[in-house]
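Reader: Could you walk me through this one, and show me how each label is earned?

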Amino acid sequence: MLRLLEVEQHHEQRSPYRYSELQREGLGPPCGYTGMVWSAFRASDDPQTYSYNIPDNMYLWGSLARLLKINAATWEDSYISATAQKLMVDLHDGITKHGIVEVQPGVRMYAYEVDGLGNKLVDFDDPNLPSLLALPLLGYDVYDQQVYSTTRTRILSPANRYFFSGIELRGLGSPHTEAQFVWPLATAVEALTSDSPAQQAELLRMLLKMASGNGLVHESVHVSAISRFTRPEFGWANAMLVVAVETLLGVDCDAQAEVHRLAAIAQREGQEVRVPANQGRDIPQYYEQLEASIKHE
């Protein structure tokens, strides 16, 4: 995996990877070297505009930091140690040099994607994870807090064309879904990364609204008509609601979830027909066939 990451730092020159949906016979859009690792699709499965996804590379930095800790505690492998450390330096340098951009005089924010050739996608975030909004959760401990604060403010505002607000909800939408539909995943992340108790409470209330119709959290929900949603059940979003409740309220959901699970089993079993169609009577032919099949000495 580490060798693959090194190859994809130099995607144009070294990568054998091709995919039929990408331009240039599967190679993807042009990109220059940045030190970051190349990718083609966002967490939502939507194709990237540019080849270096900033939150992906931030998350990779955090993953490599965790790998170093595991390696130090277990394998003590010199190749893993040296390669992971070099990758982390390259990633941070690339994010700092190419991923922090000036959008107005004196106003700097994190771009969502760049290509290393001067092009960038700003005032945008994917509502899945990893995302720019989720930066404090990604393990990228060396991020610029002021730049993140500016980024957060802008992507949670009309500066982002995929930020929607309505009668019931507000939040981040996606090119993956229709306009005016916001994603509970992003709402949970917004709550988990907020330092305002009042805002956290507001976002938790919105998350509960997003479990409209069947009591489960959906992929996306219309901001003014919560009965309209995509995907009746989206496991990832349901899991993030649990994380938000446990983290922000200090509640352990495991015990109550087990009570709910056992009650559901009892209800299902209570509705099952537990008596065979023949009312449980023995069938002599069964025993005759069984006895005939047994070899006796």
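**Rings, a core and a helix**

Author: Sure. The structure holds 8 aromatic pairs. Keep in mind that this is a predicted model, where local features need pLDDT of at least 70, side-chain atom pairs count only at pLDDT 80 or more, and totals for chains, interfaces and linings use all residues. Residues are numbered from 1 along each chain as its sequence is written, and side-chain values use heavy atoms, with hydrogens and water left out.

Reader: What makes Y19 and F41 an edge-to-face pair?

Author: Rings of Phe, Tyr and Trp (its six-membered ring) pair if their centres lie within 6.5 Å; planes under 30 degrees apart are stacked, over 60 edge-to-face, and the rest tilted. The centres of Y19 and F41 are 5.7 Å apart and their planes stand at 90°, so edge-to-face it is.

Reader: Why is Y19 called partly exposed?

Author: Buried means under 20% relative accessible area, exposed over 50%, and partly exposed in between (1.4 Å probe, protein chains only). Y19 has 32% relative accessibility, so it counts as partly exposed. F41, at 25%, counts as partly exposed too.

Reader: How do you know that F124 and Y162 are edge-to-face?

Author: Their rings are 5.7 Å apart centre to centre, with 80° between the planes. As for accessibility, F124 is at 5%, so it counts as buried, and Y162 is buried because its relative accessible area is 17%. Y112, F124 and Y162 form one aromatic cluster.

Reader: Why do you say the charged end of R3 sits over the ring of Y79?

Author: The rule asks for NZ of Lys or CZ of Arg within 6 Å of the ring centre and within 35 degrees of the ring normal. The charged end of R3 is 4.9 Å from the centre of the Y79 ring, and it does sit over that ring.

Reader: How do you know that the length of helix α7 agrees with what it should span?

Author: Helices (H or I, at least four residues) and strands (E, at least two) are DSSP runs, numbered from the N terminus. The expected span is 1.5 Å times one less than the number of residues. For the 13 residues of α7 (residues 197-209) that gives 18 Å, and the end C-alpha atoms are 19 Å apart, which agrees.

Reader: And which residues of α7 are buried?

Author: Q200, L203, L204, M206 and L207. Seen down the axis, they fall within an arc of 160°, so they line one face of the helix; the arc is taken from the directions from the helix axis to the C-beta atoms. The face turned away from that buried side carries the exposed residues A198, R205 and L208.
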